[in-house]
Amino acid sequence: MKAKTVKGNWSLRTNKLSFPYVFLVCIFFFLAGFFGFTLFSHSQGDGDGLRPRQRLLEPGNEAEYNLMPVRDLGDDSITSIPFQVLSWRPRALYFPNFATAEQCENIIDVAKDGLKPSTLALRQGETEENTKGIRTSSGVFVSASEDKTGTLAVIEEKIARATMIPRSHGEAFNILRYEVDQRYNSHYDAFNPAEYGPQKSQRIDIHLMATWWGFG
């Protein structure tokens with residue numbers, strides 16, 4: 001009888017201690033899981049002060065898409081034009097290899113015979129004489145329709161796709177040549193109506209850079 005009494009008391013004390021123990025273990029695992037998930041979420045996010053993990057777009061990994069019907073001016077395929085965001089304010093995007101070396105050479109050949117000294121839009125009180133030296137490059141305006149090689153038409157179409165602005169909204173290409181020590185002093189790519197008079201529109205400038213060699 002004594003053995004049974006001792007055994008009963010021991011079991012009772014064990015049951016009283018198990019509940020707090022199990023409760024503390026549950027709290028521990030809950031907190032560990034919560035903080036672990038929080039740290040993982042921050043490491044994957046792109047919030048302020050956190051850089052997202054670098055991702056590379058590799059050719060041949062494109063997903064299959066069920067394309068929608070298009071209208072007369074739409075595209076029946078998806079176009080991929082890689083770009084890098086350099087800045088959101090001010091907005092600046094970099095499109096690597098936007099034009100091939102061959103296309104750049106074709107543009108140079110189209111432009112070189114028509115190059116003339118670059119001009120300035122003058123404000124009130126300015127003259128060609130007192131603004132001399134501000135812009136010393138040479139250039140020419142060439143429209144895609146004037147380019148018999150078709151290169152400018154291809155570039156124009158690619159610009160339209162990248163900017164999502166139709167080709168009809170653009171103007172002729174302003175092809176410029178800067179020789180050694182030539183320059184264009186700091187300026188705005190827009191015309192303040194208070195200084196230049198009423199303006200029909202303002203430009204969105206897209207710069208396609210190429211190195212010019214081989215002709216004077």
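**View 1. Three aromatic pairs are counted in this predicted model, where rings of Phe, Tyr and Trp (its six-membered ring) pair if their centres lie within 6.5 Å, and planes under 30 degrees apart count as stacked, over 60 as edge-to-face and the rest as tilted.** The model is predicted, and local features need pLDDT of at least 70, side-chain atom pairs count only at pLDDT 80 or more, and totals for chains, interfaces and linings use all residues. Residues are numbered from 1 along each chain as its sequence is written, and side-chain values use heavy atoms, with hydrogens and water left out. One of the pairs, between Phe83 and Phe95, is tilted, with 5.7 Å centre to centre and 40° between the planes. Phe83 lies in the loop between helix H1 (2-44) and strand E1, whereas Phe95 lies in the loop between strand E2 (91-94) and helix H2, so the pair ties together parts that are twelve residues apart in sequence; helices (H or I, at least four residues) and strands (E, at least two) are DSSP runs, numbered from the N terminus. Phe95 also pairs with Phe98, and because the ring centres are 5.7 Å apart with the planes at 75°, this pair is edge-to-face. Through these ring pairs Phe83, Phe95 and Phe98 are linked into a cluster. Phe95 is partly exposed at a relative accessible area of 22%, while Phe98 is buried at 12%, given that buried means under 20% relative accessible area, exposed over 50% and partly exposed in between (1.4 Å probe, protein chains only).

**View 2. Phe83 also belongs to a nonpolar surface patch, together with Val85, Trp88 and Leu93.** The patch covers about 410 Å², with accessible areas from the Shrake-Rupley method with a 1.4 Å probe, and for residues only the protein chains shown count as cover. Patches are made of residues with over 30% relative accessible area and no salt bridge, like charges being joined within 9 Å and nonpolar side chains (Val, Leu, Ile, Met, Phe, Trp, Tyr) within 5 Å; a salt bridge is a side-chain nitrogen of Lys or Arg within 4 Å of a carboxyl oxygen of Asp or Glu. Trp88 sits in strand E1 (residues 84-88) and is exposed, with a relative accessible area of 57%. The peptide bond from Arg89 to Pro90 is cis, with omega near -10°, and Pro90 is placed in the loop between E1 and E2.

**View 3. Three strands form an open sheet in the order E3-E4-E5, with antiparallel pairing, where two strands pair if DSSP finds at least two bridges between them.** E3 and E5 stand at the edges with a single partner strand each, so one side of each is left without a neighbour in the sheet. Two bridges join E3 (residues 116-117) to E4, whereas E4 and E5 (residues 173-177) pair over five bridges. Gly139 of E4 stands opposite Lys116 and also opposite Leu176 in E5. Elsewhere along E4 and E5, Ser138 has Arg177 as its bridge partner, and Val142 has Phe173. Four of the five residues of E4 (residues 138-142) are buried.

**View 4. Strand E5 has two unlike faces, and residues of E5 take part in the largest nonpolar core.** In a regular strand the side chains alternate between the two faces of the sheet. Along E5, Phe173, Ile175 and Arg177 point to one face and are buried, while Asn174 and Leu176 point to the other and are not. The largest nonpolar core has 14 residues, and those with the most contacts inside it are Leu152, Ile155, Phe173 and Ile175. Helix H2 (101-111), E4, helix H3 (151-163) and E5 each supply at least two residues of this core. A nonpolar core is a set of buried Ala, Val, Leu, Ile, Met, Phe, Trp, Tyr and Cys residues joined through side-chain atoms within 4.5 Å.

**View 5. Met164 and Asp181 are loop residues with positive phi.** Met164, in the loop between H3 and E5, has phi near 60° and is exposed, with a relative accessible area of 74%. Asp181, in the loop between E5 and helix H4 (193-196), has phi near 75° and is exposed at 69% relative accessibility. Neither residue is a glycine.

**View 6. Gly133 and Gln182 are 49 residues apart in sequence and 9.1 Å apart in space, C-alpha to C-alpha.** Gly133 lies in the loop between E3 and E4 and is partly exposed, at 22% relative accessibility.
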